[in-house]
Structures are given as structure tokens and as C-alpha cells.
Amino acid sequence: MSFELFKKVKQVLLNQKDYSEKLRLKGIFECRTYDTNDNIIDEIHDDNIIVNTSFTIITDLFVDGVSLSKINTLKIGSGGIYNSNVKIALATETDLYTPLETKVTPDIYTSDEVLIDELNKTMTWTWTFAQDEGNGSGVRIYNEAGLFSANGVMFSKKNFTEVVKTPDKKMIVKWSIKMV
């Protein structure tokens, strides 16, 4: 197949609607905070939304092989709650409301932070915020997170109840994408 034909196929794919159904992907978000003795303090484990821009990333990877489309970035922020209620994440969103921290996995194919489980068709990223990371000026409250490609395109999003990060807590975020 010629490169021009690949570009036409990509355009057809991008014109499709209801991306998550066509891709048949499921996202799973986990966030845990730990005390200094590694005891779990708080834990969130929930499905998350695969946003529409994820389809652009998938088609770039499969059709063009664009390395900047590799998913390797976590953003966490504080804009996921409004009037004490968790906002519903929408498939049309392209960024966090209020991003506060960003973590990047250098190379998804050689990093210990990424687990590829071919048998279960799952890819899991893990980011650790040590006690001295992600605290802002002493305390940070997080309630939204996003999974992004290297070129800044959002793949998946989760709004959640508040997680308080202080200098005496370690926080680990795991994000899995599973083909169903």
C-alpha cells in the first residue's frame, strides 16, 4: 500500500464517530497514597473514559508510525470537582481543567514503569510520586488525571474524589488500557 493510500485510510478512520466502541478499549485508573511505612491510606480504582482524541493517537501509531503519538505522559490536576461533586468526564475533552503535575515515562518499550501484558491485551503505566514530589507548597489536592501522548494529545481521562498529597505521603498512579 502506498503512503498516500495510508493517509486516505487514516482520514476515513478519523471521520468515524463513537471512537471507544470502534476501538473497543477500556481504561482502568488506580491511585493509592501510602504513609511512610508503605501502608495504604487512600485508594481509588475505577474505569475511566477513553476520549475522542485517542482515535487520532491510534491511527497515527498504526497508519503513520508516528513516535510522538506514543502514550507516555500522566497529568494530574485539581479541576475534577465542582461544588463538591465530581465532574463527569466527557469524551470530547482534550485536556485537564487545572493541570498541576506532569510525569513522563522516557521509553515505553524499555521502562519498568510500563507493563505490556499480551495475553490479557493490556498495557499498564505506573508513575510514583515520592514523599518529596507533587506537594506544591506543602499540600496538593488532586481530583483529575489524564493519560497523554508524547505530543500532548489526551488519550484517556478520569475525574475522581479528592486525593490529598502531602510530604509524608507517597502516591502511586497506575493506568491500564485493555482491548476488550
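A salt bridge here is a side-chain nitrogen of Lys or Arg within 4 Å of a carboxyl oxygen of Asp or Glu. By that rule, K75 and D95 make one, with their closest N and O atoms 3.3 Å apart. K75 lies in strand β3 (residues 71–77) and D95 in the loop between β5 (85–86) and β6 (99–104), so the pair ties together parts that are 20 residues apart in sequence. Strands, for the record, are DSSP runs of E with at least two residues, numbered from the N terminus.

A quick word on the input: this is a predicted model, in which local features need pLDDT of at least 70 and side-chain atom pairs count only at pLDDT 80 or more, while totals for chains, interfaces and linings use all residues. Residues are numbered from 1 along each chain as its sequence is written, and side-chain values use heavy atoms, with hydrogens and water left out.

How enclosed are the two partners? Buried is taken as under 20% relative accessible area, exposed as over 50%, and partly exposed as in between (1.4 Å probe, protein chains only). K75 comes out buried at 18% relative accessibility, whereas D95 is partly exposed at 31%.

The structure has 11 salt bridges. Another of them joins the side chains of D42 and K169, at 4.0 Å from N to O. D42 sits in strand β2 (residues 40–50) and K169 in the loop between β10 (154–165) and β11, so this contact ties together parts 127 residues apart in sequence. K169 is the buried partner, with a relative accessible area of 12%, and D42 is partly exposed at 31%.

Then there is E30 with R32, whose closest N and O atoms are 3.0 Å apart. E30 counts as buried at 13% relative accessibility, and R32 counts as buried at 18%. E43 joins E30 and R32 in a network of salt bridges.

Turning to the strands, β8 (residues 122–129) has six of its eight residues buried, so it is largely enclosed by the rest of the structure. Pairing of two strands calls for at least two bridges between them in DSSP. Strand β7 (residues 114–117) pairs with β8 in the antiparallel sense over four bridges, with D117 matched to T122 in β8. The two strands form a hairpin with four residues between them, and K121 in the turn has a positive phi of about 55°. Strand β8 also runs antiparallel to β11 (residues 170–179), to which eight bridges join it. Across that pairing, M123 stands opposite I177 in β11.
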